[in-house]
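Dear colleague,

Please find below the sequence and the structure that I am handing over to you. My notes on the ligand and its surroundings follow.

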Amino acid sequence: MSEAATVKIPTAFFGEKVTWVHHWNEGLFSFRCSRDPTLRFVAGQFAMIGLMVDGKPLTRAYSMVSPPWDEELEFLSIKVQDGPLTSRLQHIAVGDTVLIGRKPVGTLVVENLLPGRNLWMLATGTGLAPFMSLIRDPDTYEKFDRVIVAHTVRQVRELAYRDYIAAELPAHELLGEYASEKLVYAPSVTREPFPHQGRITTRLESGATYAQTGLPPLDPALDRVMMCGSDAFNTETEAMMERLGFVEGTNHTPGTYVLEKAFVTK
Ligand code: A2P
């Protein structure tokens, strides 16, 4: 990737320097990079991220994991050995250049939801990423009584940011007060023993998630829901929300749920 320094960055992107890389396991990693001071985004949005490959940008949509106030950017990615981008991106090191799209967008933002009681964030796999940004944005807490992160993964080691959400954030210098009062972490695992087993969809239907969190069942008159996961997950949770009487919010008309797919699968 050393040639990146000499390659011209296309105008649609900022060329930013990697400052930190963390490999959660063989299939998942996070990285941080510098952030152009003019880059603006709202918690929950995504941008095109990637690398220069053979003189051309190779990019995919990635949700920002970092909150809008952070002076750096952070992303969460899967590693796919034959994936066009992630097969390369997984090898980035501190000092390498990454492409960051200049125009973050997305529907998974608090502005697209009507005010409410509890904000439920339902994620599978890397669908957690936008919620990491949202739970570090004071605005999210200002608008809801409780903010619930329900993250379902296959194996325990895929629970990225588990310690951060459960322990570090409640002790955070600036956000600790909000998080310890309002943030509820509800992880579940489907293919390994874990105190909370099963898909979030099944667990909502059976009531297991309400037992886990001590919170009342989803009520469209009071609660709001954000979903981010695979296509199958989104289709299923969307049908569930519609069945329960929730209405999808958009950038034009706020509603009682919003969803976005967890983008990178290769
Ligand atoms: P499961 O192990 O029962 O398939 P994936 O890696 O396939 O994207 O899945 C990530 C997590 O999301 C897994 O725990 C998986 O459960 C769960 N999952 C996959 N599809 C759905 C769905 N349609 N509804 C709810 N959870 C799902």
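**Ligand contacts and pocket**

In this predicted model, a polar side-chain atom of R191 lies 2.6 Å from an oxygen atom of the ligand. Two further arginines have a contact of this kind: for R154 the distance between a polar side-chain atom and a ligand oxygen is 2.8 Å, and for R199 the corresponding distance is 2.9 Å. The ligand on its own would expose 550 Å², and 80% of that area is buried by the protein.

These arginines belong to a shell around the ligand made up of T124, T152, V153, R154, T190, R191, R199, T201, A232, F233 and E236. Sorted by class, this shell holds 4 charged, 4 polar and 3 nonpolar residues.

Where does the ligand sit? It occupies the largest pocket. Two elements, β8 (146-153) and α8 (231-244), each supply two or more residues to the shell around the ligand. Of the elements, α8 gives the most, with 3 residues.

As for the pocket itself, the volume of the largest pocket is about 840 Å³. Its lining comprises 29 residues, and those closest to the pocket centre are T124, G125, R154, E158 and S230. T124 and R154 are also among the residues around the ligand, and R154 has the 2.8 Å approach to a ligand oxygen described above.

Which elements give two or more residues to the lining of the largest pocket? They are β8, α6 (200-206) and α8. Both β8 and α8 were named above for the ligand shell. By class, the pocket lining has 14 polar, 8 nonpolar and 7 charged residues.

When you open the model, I would suggest beginning with R154, R191 and R199, whose polar side-chain atoms lie 2.8 Å, 2.6 Å and 2.9 Å from ligand oxygen atoms, respectively. The pocket lining may then be viewed around T124, G125, R154, E158 and S230, the residues closest to the centre.

With kind regards

Technical notes: Residues numbered from 1 in each chain as written. Predicted model: local features only at pLDDT ≥ 70, side-chain atom pairs only at ≥ 80, totals over all residues. Heavy atoms only, no water. Near = heavy atom within 4 Å. Polar contact = N/O pair within 3.5 Å; in protein donor to acceptor, adjacent residues only side chain to side chain. Areas by Shrake-Rupley, 256 points an atom, 1.4 Å probe, with all protein chains shown as cover. 1 Å grid on protein atoms, 1.4 Å probe; cavity = no way out; pocket = protein on both sides within 12 Å on 5 of 7 lines; lining within 4 Å. Sits in = over half its atoms within 2 Å of the grid points. Helix = DSSP H or I, 4+ residues; strand = E, 2+ residues; numbered from the N terminus. Nonpolar A, V, L, I, M, F, W, Y, C, P; charged D, E, K, R; others polar. Points joined across faces, edges and corners; volume = space filled by probe spheres on them.
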